[in-house]
Amino acid sequence: MTEPILSLSAARALHLGAQGLLQPRRRKARQPDVLAAIRQMGVLQIDTINVVARSPYLVLWSRLGDYPQPWLEQALAAGELFEYWAHEACFVPVEDYGLYRHRMLEPEAMGWKYSAAWMKERRAEVESVLEHIRVNGPTRSSDFERTDGKGGGWWSWKPEKRSLEVLFTTGALMISARHNFQRIYDLAERVLPHWDDSQLPSKDAVQRELVLKAVKAMGCARAPWISDYFRTRPPRLDPETLVEQGALLRAWVDDWDDPIYVHPDHAGLLAEAADGALAPTLTTILSPFDPVVWDRRRAQELFNFDYRLECYTPAEKRKYGYFTLPILRRGALVGRVDAKAHRREGVFELKSLVLEPGVRVSDRFTRDVAGALQRLADWHACPRIKITQASPAGFGELLQKEAA
């Protein structure tokens, strides 16, 4: 059987099709679509920066359009999702719990997310936190009064917060719900009463399943991209082994020397892509923690988009802004915008909007981008768009006219 050869644009379309970002939705989102979108991506990364919407809400908006943000917390509280370290801290479909249980049982391999020294030196305090939850039920970090006189911030967590997080990493505690996006911890056996470690799949089975899920979520994947998606550790499974078993398909991209891998569930999409029949028509704004861009190497190789999140970079060294959002337009990443929602004034400020070099600005292009930005602004209840800076400047003027 001849292995398909795709153009780079067709490979992008295949990727976006698998991610639910190929075409605009034809119907208004419903609550079950939240879980369906997370299943399609495999995971939904969590981040708390709130300059615009918090990242998980924005990732869902890019795929679902306007939807009520509480739907995400409802899915968590209903037990359809759980939280754990997947790509990073993520919401994960609850049926995948077994794929992460080995990480909980071997927390020493989780790096900074777990402290064996804390567990050893503060054993009594850790047990006290666990007993508090056992007796009093679901608990927030804020339920423990700070007594060490230090300020907040992840770098100076109070002891109880450290204990909660260590117990979360070991799987003894789970997140039963969130209130105002604050975690509520409870005993794992109360959150997931039907789980027993006798159900635990083997490490080999987990490794195989995570490779298959990563490839499926990406639509098409070069071998070096695969391990980053769910942050799998060595030794890693060679995707060629799965091709030999018939569990993955192999294809090629023009001018790439190595193959791409495709999940059999996407065989139809692959055939359409190879025929040039996948037409990306969606224009939207992405979160910095969207799966499309969270792997800088993949974004560079697939979209020729050099993306770095600069919120952790000193202000004077930033090139594009604090929290730049990639602009996806009809299958290409065409620019980035550093935005801020001024909710009290109803203003959605574009502090800096920069198009990629070589992007051709047309009336259609301007309408597409302006429409996506207006939808995002409206979703934030900040309908008035204010453009502070744009590059090229002429595009900013066109955009402002379109948004007026």
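A residue counts as buried when its relative accessible area is under 20%, and the close-up views below, which all come from a predicted model, begin with a helix to which that cut-off applies.

**View 1. Helix H3 and its burial in the predicted model.** Of the 10 residues of H3, 10 are buried, so this helix is largely enclosed by the rest of the structure. The buried residues of H3 include the aromatic pair Tyr57 and Trp61, together with Leu58, Val59, Leu60 and Leu64, and they also include Ser55, Pro56, Ser62 and Arg63. H3 is followed by glycine 65, whose phi is positive, near 75°.

**View 2. The crossing of helices H2 and H3.** Two packed helices are described by the angle between their axes and by the distance between those axes. Here the axis of H2 (residues 32-41) comes within 10 Å of the axis of H3 (residues 55-64), and the two cross at roughly 100°, which means that H2 is roughly perpendicular to H3. On the H2 side the contact is made by Asp33, Val34, Ala37, Ile38 and Met41, which meet Val59, Leu60, Arg63 and Leu64 of H3. Sorted by class, the contact of H2 with H3 has seven nonpolar residues, two charged residues and no polar ones.

**View 3. The antiparallel sheet E2-E4-E3, with helix H2 packed on it.** Three strands make up this open sheet, in the order E2-E4-E3, and their pairing is antiparallel. The edge strands are E2 (44-45) and E3 (81-85), each of which pairs on one side only. Between E3 and E4 (residues 89-93) the antiparallel pairing runs over five bridges, and tryptophan 85 stands opposite alanine 89 in E4. H2 packs on the sheet and touches E2, E3 and E4, while the direction of H2 makes about 110° with that of E4.

**View 4. The mixed sheet E1-E7-E8.** Strands of a sheet pair through backbone hydrogen bonds, either parallel or antiparallel. In this view three strands form an open sheet in the order E1-E7-E8, and the pairing is mixed. Strand E1 (5-6) and strand E8 (260-262) stand at the edges with a single partner strand each, so one side of each is left without a neighbour in the sheet. E7 (residues 249-253) pairs with E8 in the antiparallel sense over three bridges, and the bridge partner of arginine 250 is tyrosine 261 in E8.

Conventions: Residues are numbered from 1 along each chain as its sequence is written. This is a predicted model: local features need pLDDT of at least 70, side-chain atom pairs count only at pLDDT 80 or more; totals for chains, interfaces and linings use all residues. Side-chain values use heavy atoms; hydrogens and water are left out. Axes are lines fitted to C-alpha atoms, for helices over the stretch in contact, and angles run from 0 to 180 degrees between N-to-C directions. Helices (H or I, at least four residues) and strands (E, at least two) are DSSP runs, numbered from the N terminus. Angles under 35 degrees count as roughly parallel, over 145 as roughly antiparallel, 65 to 115 as roughly perpendicular and the rest as oblique. Contact means heavy atoms within 4.5 Å. Ala, Val, Leu, Ile, Met, Phe, Trp, Tyr, Cys and Pro count as nonpolar, Asp, Glu, Lys and Arg as charged, and the others, Gly among them, as polar. Two strands pair if DSSP finds at least two bridges between them. Buried means under 20% relative accessible area, exposed over 50%, partly exposed in between (1.4 Å probe, protein chains only).
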